[in-house]
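Student: Could you take me through one part of this structure up close, and then show me how it sits in the rest? I do computational chemistry, so give me the cut-offs as you go.

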Amino acid sequence: MNSTSEQMFARPALIDAWLDLLFLLMQTRGIAHYGEGVSQLDHMLQSAQLAKDRDYSEHLVAAALLHDIGHLLGDEPEDAATQGIDTKHEQRGSAWLAQVFPESVYVPIALHVAVKRYLCTVDSNYHANLSHASRLSLSLQGGPMNSEQVKAFENSRWFKDAMALRSLDDHAKQTNARPSDLQSYRLLLKKIILNQ
């Protein structure tokens, strides 16, 4: 537990203030699309809804909701990938979330791009089914893994959760989906922060 987390646990009102900031960020910056047919907020809400529908753990639901928060923390253009910019959103987002959330939330987020690289190596059909935006960003993110990277990734403690998160990410791009609203996740996120 870091000092920011310890200060929050000592003053629960700080958790509410942090969640207010998080939700404001998601509601205002989440209108961007980043090359997909849905907004970032819609995509994150769909991811979380899918996690709930599949009866995943509360921590994985939270990771699904927050997995692309790194996009909202930067100032890169919506078409960053087409401009040859790797936003490293998974690293930025997981580092920011690590201030208040446990590893079970932020580590799968840190790994969800690595899963894409992994799957492009081990599944010949996966690359063909990627969206145009995901294909563009893949080359910027290091491309498919080599055999040593594959082995190391498969032995990671968070391999299964990262794989589950990637599946949610890949399937949460439906233009006609009706996921739960953002505020419905507030108590869940607060509980995870308080109970770590």
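Tutor: Let's start at A62, which lies in helix α4. Helices here are DSSP runs of H or I with at least four residues, strands are runs of E with at least two, and both are numbered from the N terminus. Before going on, the ground rules: this is a predicted model, so local features need pLDDT of at least 70, side-chain atom pairs count only at pLDDT 80 or more, and totals for chains, interfaces and linings use all residues. Residues are numbered from 1 along each chain as its sequence is written, and side-chain values use heavy atoms, with hydrogens and water left out.

A62 has a relative accessible area of 1%, so it is buried. Buried means under 20% relative accessible area, exposed means over 50%, and partly exposed is what falls in between, using a 1.4 Å probe and protein chains only. What covers A62? Setting aside neighbours within four places in sequence, A62 is in contact with V105, L189 and I192; contact means heavy atoms within 4.5 Å. There's a long-range pairing here too: A62 and L188 are 126 residues apart along the chain, yet their C-alpha atoms are separated by 7.7 Å.

The rest of helix α4 (residues 58–66) is mostly covered as well, with seven of its nine residues buried. Those seven are L60, V61, A62, A63, A64, L65 and L66.

Now follow α4 into the core. L65 and L66 are among the residues that touch the most other members of the largest nonpolar core, which has 36 residues; L22, M26, F101 and L189 are the others. A nonpolar core is a set of buried Ala, Val, Leu, Ile, Met, Phe, Trp, Tyr and Cys residues joined through side-chain atoms within 4.5 Å. Two or more residues of this core come from each of α2 (12–29), α3, α4, α5 (69–73), α6 (89–97), α7, α11 (159–171) and α12 (186–194). F101 links several of the names you've already met: beyond its neighbours within four places in sequence, F101 is in contact with W18, L66, Y106, L189, I192, I193 and Q196. Apart from this core lies another, of 16 residues, including V107, Y118, L130 and F159.

Step back along the chain from α4 and you reach D55, in the loop between α3 and α4. With 69% relative accessibility, D55 counts as exposed. D55 also has a positive phi of about 60° although it is not a glycine. For context, most residues other than glycine have a negative phi.

Further back is helix α3 (residues 40–53), where you find S47. S47 has a relative accessible area of 0%, so it is buried. A64 of our helix is one of the residues S47 touches, along with H67, L168, D169 and A172, not counting residues up to four places away in sequence. H43 is in α3 as well, and at 5% relative accessibility it counts as buried. With the same sequence neighbours left out, H43 touches V38, H67, D68, D169, A172 and K173.

Helix α11 also holds R166, and at 3% relative accessibility R166 counts as buried. R166 touches H112, V113, V115, K116, L119, Y126 and S134, again not counting residues up to four places away. R166 and H112 are 54 residues apart in sequence but 5.5 Å apart in space, C-alpha to C-alpha.

K116 and S134 turn up again where α7 meets α9: K116, R117 and C120 in α7 meet S134, S137 and L138 in α9. The residues of this contact divide into two nonpolar, two polar and two charged. Here Ala, Val, Leu, Ile, Met, Phe, Trp, Tyr, Cys and Pro count as nonpolar, Asp, Glu, Lys and Arg as charged, and the others, Gly among them, as polar. The axes of α7 (residues 103–122) and α9 (residues 132–140) come within 10 Å and cross at roughly 95°. Axes are lines fitted to C-alpha atoms, for helices over the stretch in contact, and angles run from 0 to 180 degrees between N-to-C directions. That makes α7 and α9 roughly perpendicular to each other; the bins are under 35 degrees for roughly parallel, over 145 for roughly antiparallel, 65 to 115 for roughly perpendicular, and oblique for the rest.

Zooming out, the protein chain has twelve helices and zero strands. Buried residues make up 48% of its 196 residues.
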